[in-house]
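Trainee: I should like to take a close look at one part of this structure and follow it outwards to its surroundings. Please keep the account connected.

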Amino acid sequence: PGASRRRPTTLSPRTQITPNSAPPPAPGWRQWVGFCLAFFCFWASLYIYMPTFPVYAEGLGASLTMVGLIIASYGFVQFALRIPIGYLSDKRGSRLPFILIGLLANLVGAVGMALFPTPFLLIVWRGFHGIGAASFVTSAVYFAGFFQPDQTTRATGLLVFMTALSQVVISMAGGILAEQFGVPFTFWSAAVIAAVGFAAMLLAGERAAPVRRPMTIRRFRGVLGIRSLITSSGIGALSQFVTFGLNISFIPIFAHTLGATKTDLGTLTTISYVTYGLAALLSAVGGRRFGERAFVIAGSLFTTVTILVLPAIDTVPVLLLLLAVNSFARGMVFPVLMGISIREVPEYERASAMGVFQSVYAIGMFAGPAVAGVVADAIGITGLFLFIAAFPVLSALSALAWLPSRVRALATST
């Protein structure tokens, strides 16, 4: 009894745990298989239509500014929802309901795109997919709970690798399906995939939390005071500004002007995700060994170089090669930032921390395409490339100034 009253050694009062708390049980095969399948379907339902989506929206009569707004609605909804989702998940001590709601939103958005495809309504349906993507807050924490607390970079690196793997498979399939059956067929495919993911997540079930300490506003303010979380979130926003403002929104349109077919667009997206995933895997293995700050700086600078070369590209094969390098560089950055964001946070507060991280970087997800659309309409896509190239430089300088070379982890799984 005396031992049970001892207070555990912690980094701060905020990280203290309740007596008699125990780590959650190790995941069984049902959780591993169910979650991995659901996670694959989660991203597949969001990305199967994306290789041809900007070109499709433009073909419906959307201006480049409108295309940017359609893509931006996805990030804006995530910005609005991710902090509340993280807070409520920690307050309830549950992850499963939020993941299921996300998959259901993916289904609704896909059906809406298929039935009501106008430029204005695409903003609405893309917003539903923003609701779905916002549940990634809880998916990331759910998966990170499978690992020890000092392995967050490994966990997030593997999670981003799994994300890229699903996007590799589905982007190639999406380009082929759009070529053979039309873009609306990819919307219906997304709806079916989301339904499969919903069933798989029911199989996985809830992930038990290590302690039952409901989140409070006071403790949430403590989470907001973690420097590594705020710094990594800000750099993440700059990174996503580039990804959504350029790679997802306007690279497909640029490739189309070079003569790329729908299948080519799927191939372009697939190759990008392959190299992005390989870089994420590299960060999972070597991020802490070689220095996480070094990964962020190197990846950001290489990203800048590849963007500056883009205006000189005049053939689709060369564009594919350049984007492979660009995606590898971007993949060196983001998984490391995600791991840093929750490294100093106990597991029962990680959904709140992940909500902050993902909400802040979602600013880049909606600001990137919204601003890029206006810039592209004003000075053309070539001018847009030069404008976007400044943002990874800002990422590198921010990492050098504010990101620690090593981020400490909590000593326990709490």
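Trainee: What is the relative accessible area of phenylalanine 76? Please then go on to the packing of helices α6 and α16.

Mentor: The model is predicted, so local features need pLDDT of at least 70, side-chain atom pairs count only at pLDDT 80 or more, and totals for chains, interfaces and linings use all residues. Residues are numbered from 1 along each chain as its sequence is written, and side-chain values use heavy atoms, with hydrogens and water left out.

Phenylalanine 76 has a relative accessible area of 45% and is therefore partly exposed (buried means under 20% relative accessible area, exposed over 50%, partly exposed in between, with a 1.4 Å probe and protein chains only). The residue belongs to helix α3, which covers residues 64-92 (helices are DSSP runs of H or I with at least four residues, strands runs of E with at least two, numbered from the N terminus). Its C-alpha lies 6.7 Å from that of alanine 362, although 286 residues separate phenylalanine 76 and alanine 362 in sequence.

Now to the helix pair. Helix α6, residues 136-144, packs against helix α16, residues 350-388, at an angle of about 135 degrees, and their axes are 9 Å apart (axes are lines fitted to C-alpha atoms, for helices over the stretch in contact, and angles run from 0 to 180 degrees between N-to-C directions). The two helices α6 and α16 are therefore oblique to each other (under 35 degrees is roughly parallel, over 145 roughly antiparallel, 65 to 115 roughly perpendicular, and the rest oblique). Their crossing is right-handed, meaning that the near helix is turned clockwise from the far one by less than a right angle.

On the α6 side, the meeting residues are Phe136, Val137, Ala140, Val141 and Ala144, and on the α16 side they are Arg350, Ala351, Met354, Gly355, Gln358 and Tyr361 (contact means heavy atoms within 4.5 Å). By class, this contact holds eight nonpolar residues, two polar and one charged (Ala, Val, Leu, Ile, Met, Phe, Trp, Tyr, Cys and Pro are nonpolar, Asp, Glu, Lys and Arg charged, and the others, Gly among them, polar).

Phenylalanine 136 deserves separate attention. Setting aside residues up to four places away in sequence, phenylalanine 136 touches Phe39, Phe42, Trp43, Arg82, Leu159, Met338, Gln358 and Tyr361. The largest nonpolar core has 129 residues, and Phe136 is one of the members that touch the most others, together with Tyr47, Phe53 and Met201 (a core is a set of buried Ala, Val, Leu, Ile, Met, Phe, Trp, Tyr and Cys residues joined through side-chain atoms within 4.5 Å). Helix α16 supplies the largest share of this core, 17 residues.

Further along α16 is valine 375, which counts as buried at 15% relative accessibility. Valine 375 touches Gly380, Leu384 and Phe387, residues up to four places away being left out. Its C-alpha is separated by 8.4 Å from that of threonine 65, which is 310 residues away along the chain.

Phe39 and Trp43 also appear in the surroundings of threonine 163: it touches both, residues up to four places away not being counted. Threonine 163 lies in helix α7, residues 152-181, and is buried, with a relative accessible area of 8%.

As for the whole chain, there are 17 helices and zero strands, and 60% of the 414 residues count as buried. Among contacts between residues at least 6 apart in sequence, 88% join residues at least 24 apart.
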